Each structure stands twice: as structure tokens, then as C-alpha cells.
Amino acid sequence: MKIVSVETLCLDLSGQDGIAFWVPVFVRVTTDEGVVGLGELGMAYGVGAKAGPAMILALAERFLLGQDPTAPE
């Protein structure tokens, strides 16, 4: 099994629930066997949230694509 894609989804929820800047970033990792994993970037508040998706995609391209998702290292 190999990782074939990594996608990000940003939700701009700024102003909701009294939070001025709130942008949760979710990540979907898909394998060649159709297994999908979901995660969340822990930078939903402040200016770092907007840089997060680009960072995730750059790191995924370099370190994750083509790798075995079951290998812990």
C-alpha cells in the first residue's frame, strides 16, 4: 500500500463563536488501495493557519507520496 495523494481543506470560520480569526485546516491522505485517513492541522488560530496548508502539501510531496502509510518511521 502506498500514499498517492494528500489534500487540504480550509474552513474560514472567523467571527463565529466570538473567535476573531479561526481557520481549521483538515488533511485527507489517500492510498492506492482506497484507504483514506483524515487529520487536522493544529494551527487553526492566528496567522499561521493560512500558511499551514502550503506547508503540509510541500512536506507531503517531499516525504509522504509513494510511502507506506503503515510504516511508523
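Accessible areas here come from the Shrake-Rupley method with a 1.4 Å probe, and for residues only the protein chains shown count as cover. On that basis the accessible surface of the protein comes to about 5,000 Å², and 59% of this belongs to carbon and sulfur atoms. The structure is a predicted model, in which local features need pLDDT of at least 70 and side-chain atom pairs count only at pLDDT 80 or more, while totals for chains, interfaces and linings use all residues. Residues are numbered from 1 along each chain as its sequence is written, and side-chain values use heavy atoms, with hydrogens and water left out.

The protein has one helix and three strands; helices (H or I, at least four residues) and strands (E, at least two) are DSSP runs, numbered from the N terminus. Read from the N terminus, the order of elements is β-β-β-α. Along the principal axes, the C-alpha atoms fill a box of roughly 45 × 20 × 15 Å. Of the 73 residues, 22% count as buried, where buried means under 20% relative accessible area, exposed over 50%, and partly exposed in between (1.4 Å probe, protein chains only). A contact means heavy atoms within 4.5 Å. Among contacts between residues at least 6 apart in sequence, 48% join residues at least 24 apart.

Strands β2 and β3 run antiparallel and are joined by six bridges; two strands pair if DSSP finds at least two bridges between them. In this pairing, valine 29 stands opposite glycine 37 in β3. The two strands form a hairpin with four residues between them, and glycine 34 in the turn has a positive phi of about 85°. Valine 35 also lies in the loop between β2 and β3 (36–41). Its relative accessible area is 44%, so valine 35 is partly exposed. Leaving out residues up to four places away in sequence, valine 35 touches Met1, Val29 and Thr30.

Two threonines belong to strand β2: threonine 30 and threonine 31, the strand covering residues 25–31. Threonine 30 counts as buried because its relative accessible area is 17%. Beyond four places in sequence, its contacts include Lys2, Ile3, Val4 and Val35. Threonine 31 is buried because its relative accessible area is 6%. With the same exclusion of residues up to four places away, threonine 31 touches Met1, Lys2, Ile3, Val4 and Pro69.

A nonpolar core is a set of buried Ala, Val, Leu, Ile, Met, Phe, Trp, Tyr and Cys residues joined through side-chain atoms within 4.5 Å. The largest one here has seven residues: Ile3, Val6, Val25, Val27, Leu41, Ile56 and Ala60. At least two of these residues come from each of β1 (3–10), β2 and α1 (48–63). One core member, valine 27, is in contact with Val6, Glu7, Thr8, Gly37, Leu38, Gly39 and Ile56, leaving aside neighbours within four places in sequence.

The loop between β1 and β2 holds aspartate 17. Aspartate 17 counts as exposed because its relative accessibility is 67%. This residue has a positive phi of about 55° although it is not a glycine. Aspartate 17 and valine 35 are 18 residues apart in sequence, and their C-alpha atoms are 34 Å apart in space.
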